[in-house]
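Colleague: Please take one part of this model and examine it closely for a first-year student. I should like a connected account that explains each term as it arises.

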Amino acid sequence: MITLIRSKDGTIKTFSPRPFEGYNLALGESIELVDTTFEEFAQRFVVSCMGVSGETLSVKQGSPDLIVNITAPGQSTVDVDINGSIETLTPIDGGFQVVLSTDVPGVFVIQPADRKKFCAAGQGLLVIEVNP
Amino acid sequence: MTYPLSSDVSSGQPTASAHYNNLRKDALYLGQSPTDSLTLGAYFSRHAANIKLEYLATNRVRVVYNPYHPAAVMVGGCMLKATANIDLPAGYFTGAASLFYIHAVRTAGSTTFTLGANTTPVESDISRVIGTCYWDGTSLSNIISFYPTDGFPQASYDSGWFACAYNNTYTLTHNLSGVPRLVILLHSTDAAGTSELIPVYAVYGDSATKGNIGFTSSLIYVVAANGSTQGCVYSFRRSSGSGYYRVLAWL
């Protein structure tokens, strides 16, 4: 059994294997208990690129295109939010992929579009910075 | 005063009362006057050492055995020492949320001890409080030993890993009975905490790098700043706007 903390808007803020008594809710936040393991829930939506997830990936402008991998076991499609734009992905080789160009410096924030279903924290959110 | 007071007795030599009394004084008071010293038994009556209390699934506790630092405790004047792990039997933690006191319990005919748990700290001739833990009604947490092994002690509070993302504040209830003296925030890139662990001292947001932890007698605040690239951890080892946090606190 794990604990989900939902923000005021219903999106999943965080999840933890510990009981909810250990968490002090902010105004509007709510608690939900889910009958699964912490590790299993953490694998529901994982974004990675070049083997990196859970930390910021820095690349140089003009590097080869970035292949971002998304695993979402059991999903036939996933909607991914890239800097606010939503892309619907279909499976490739059992996972999902999106290709990002490094032509322009800036920051990519990649996370699930449906943040009530998936948690945009942990390994569910990947930030890539393209440096000049 | 000379110590020891007693002296060797030759074979065949009659033992005078002074011999006996000096020997007794040595044994009880290390040769000192009874008006200047407690007896050894009274002096060591509160002795306890090397008691490492650990969580044991499910909802139990264990005194971990270390042959180089075996747990030792004096209970009701009896000197007891562990010779193996000592496990609290199942079923002690039930009912509403409460602080529980862990007792070392002696049994006649044994030189080691067993464990008990109770919501009261009252001791007896056969039981002695050696630590506490918190029962929230379903789970056990904050297991604290009053007489830990030498070296850096186990954390009094451990949040476990939880997912983090930039631009969030996480407020944790530590349930310790005071303001922690030390709080450490760790960052991992994976849920199991198997990646390199980074102690978080600073995060980046609003064009500034700042510390991100605060705490009171009941709460620990962790701020993940709004910088997407370094909002959760900003270090020469790693920067991240996501990942997993774990908070450890010592009372």
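Modeller: In chain A, an open sheet of 3 strands follows the order β2-β1-β3, and the pairing is antiparallel. Strands (E, at least two residues) are DSSP runs, as are helices (H or I, at least four residues), and they are numbered from the N terminus; two strands pair if DSSP finds at least two bridges between them. The edges of the sheet are formed by β2 (12-16) and β3 (30-34) of chain A, each of which pairs on one side only. On average, neighbouring strands of the sheet are turned by 25° against each other, direction ignored; the axes are lines fitted to C-alpha atoms. Strand β1 (residues 2-6) of chain A is joined to β2(A) by 4 bridges, and the two run antiparallel. Within this part of the sheet, Ile5(A) stands opposite Thr14(A) in β2(A).

The model is predicted: local features need pLDDT of at least 70 and side-chain atom pairs count only at pLDDT 80 or more, while totals for chains, interfaces and linings use all residues. Residues are numbered from 1 along each chain as its sequence is written, and chains are lettered from A and ligands numbered from 1 in the order in which they are written.

Chain A also meets chain B. The contact takes 30 residues from chain A and 30 residues from chain B, where two residues are in contact if their C-beta atoms, placed from the backbone, lie within 7 Å. On the side of chain B that touches chain A, β13(B) gives the largest share, 5 residues.

Methods
Axes fitted to C-alpha atoms, helices over the stretch in contact; angles between N-to-C directions.
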